[in-house]
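Trainee: I would like a close look at one part of this model. Please keep it brisk and connected.

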Amino acid sequence: MPLAQSSFGLGLPIREYLLVGLVAAVVTFLLVGLVRVLALRLGAVAWPRGRDVHVTPTPRWGGLAMFGGVLAGIGLAAQLPALRLAFDYSRDVQGVLLAAALLVLVGALDDRYELDAITKAAGQVTAAGVLVLFGVQFSVFWIPWGGGGTGISGSILSLGPEQGVVLTVVLTVALVNAMNFVDGLDGLAAGIGLIAATATCAFAIGLVQENGNDAAAYPPALMASVLAGACLGFLPHNFNPARIFMGDSGSMLIGLMLAAATTSASGRIPITTTTDGSDILALFAPLIVLLAVAFVPILDLLMAVVRRTRAGMSPFSPDKMHLHHRLLEIGHSQRRAVLLIYLWAGILAFGAVALALIDDPALVLWTVAFGLGVAVLATAVPRARTTARARPPTATRS
């Protein structure tokens, strides 16, 4: 594929990414009111259950408004001279739109009719397959052994079609379900999606710069920017007290687009025979970013699967022992619990991006360690207060 150099020279189209993200945010914000009325009329309402935190019936289908914002942002990008080249040298964006439309439809049906787990899983795998058909899949992987002739202490493993397909589908389905699992408090999934998409966009713009502003590297940043905008536009309606939930249509949309953006970015890592030890991290960067931005939801997912299977239950059986439930149990309010999870997700996501893009890893690691220390302290404060209140008073000397 010839280098598709932007007509804007070496200037990065950051303003254009900000513009399409802003349009996605505004359109999402405006569509939420219409979607809310539609959900109430058609019965897509979340009635309070034993495992839920909300106590009043709340409409779902917020994901439809978010998808409308995504479509608006990408539609504008197709009209901008600086970004429309992203559609000429890759089919990634088209594949993501088709896969997202399919998954949003499945999620909307589940929000209304409560689909069974097998049907939802089939929809998720099919959507991941659509990504693969449009070329959104891992093609290379760095392994820390073997010579490989790359000039680094390790080798580049070229994945065959079957291996790339399996890895892409597994990661996509895992991230889709992780975002679905974490959507349990007002504003939680939308905020994590905003943080993760913003961090992924920053990483992808860094790749655009490393590729000499090659337009073939534009799609990952475009996906992430419009997703960040959609989450931002939805958050005011969804933060506690929420007037609407995004539902499975929204949480699965976030998971799919995050997986697609990081998978698409993996194919834009420059790999040359002059790659040295400092570039090893860059070769791992897409997976590092993916794992970091999804650390909180993935951890919640893994803990839920282990907890339920040990109890002899289905991994998809609902319960009230997710991370956000545990934060509520130790004394945090809903808003404080959500903000704490934002803090954890932000430190990990932006720390991973900084580690991949900044030349001073020691500084980044020390900064991340300090941030994690603050997060641990903030998380433990209610437990410390509860323990102090529960401790019997000590006798005082007269």
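Trainee: Take G21. Is G21 buried or exposed, and what is its relative accessible area?

Mentor: A caution before the answer: this is a predicted model. G21 is buried, because its relative accessible area is 10%, under the 20% cut-off. The residue sits in helix 1, which runs over residues 14–42.

Look next at what lies against it. Leaving aside residues up to four places away in sequence, G21 touches S225 and G229. L222 belongs in the picture too. Its C-alpha atom and that of G21 are separated by 8.5 Å, yet the two residues are 201 apart along the chain.

Now stay on helix 1 and turn to V26. V26 is partly exposed, because its relative accessible area is 42%; that value falls between the 20% and 50% cut-offs. V26 also belongs to a nonpolar surface patch with L22, F29 and L30. Together these four residues have about 390 Å² of accessible area. A general point helps in reading such a list. An α-helix has 3.6 residues a turn, so residues three or four places apart point the same way. Set G21 beside V26: G21 is buried, whereas V26 is partly exposed.

Next, follow the chain to the loops. Helix 7 covers residues 218–238. The loop before it, coming from helix 6 (188–210), holds N213. N213 has a positive phi of about 60°, although it is not a glycine. N213 counts as buried, because its relative accessibility is 1%. The loop after helix 7 leads to helix 8 and holds P241. The peptide bond from N240 to P241 is cis, with omega near 0°. Both features deserve a check against the general rule. Most residues other than glycine have a negative phi, and most peptide bonds are trans.

Helix 8 itself spans residues 247–266, 20 residues in total. From its first C-alpha to its last, helix 8 reaches 29 Å, close to the 28 Å expected at 1.5 Å a residue. Helix 8 is mostly covered, with 20 of its 20 residues buried.

One more backbone point, back towards the N terminus. W61 has a positive phi of about 70° and is not a glycine. Its loop joins strand 2 (58–59) to helix 2 (62–77). W61 counts as buried, because its relative accessibility is 9%.

Back to your residue, then. G21 is a buried position in helix 1, in contact with S225 and G229.

Methods:
Residues are numbered from 1 along each chain as its sequence is written. This is a predicted model: local features need pLDDT of at least 70, side-chain atom pairs count only at pLDDT 80 or more; totals for chains, interfaces and linings use all residues. Side-chain values use heavy atoms; hydrogens and water are left out. Helices (H or I, at least four residues) and strands (E, at least two) are DSSP runs, numbered from the N terminus. The expected span of a helix is 1.5 Å times one less than its number of residues. Buried means under 20% relative accessible area, exposed over 50%, partly exposed in between (1.4 Å probe, protein chains only). Contact means heavy atoms within 4.5 Å. Patches are made of residues with over 30% relative accessible area and no salt bridge: like charges are joined within 9 Å, nonpolar side chains (Val, Leu, Ile, Met, Phe, Trp, Tyr) within 5 Å. Accessible areas come from the Shrake-Rupley method with a 1.4 Å probe; for residues, only the protein chains shown count as cover. A salt bridge is a side-chain nitrogen of Lys or Arg within 4 Å of a carboxyl oxygen of Asp or Glu.
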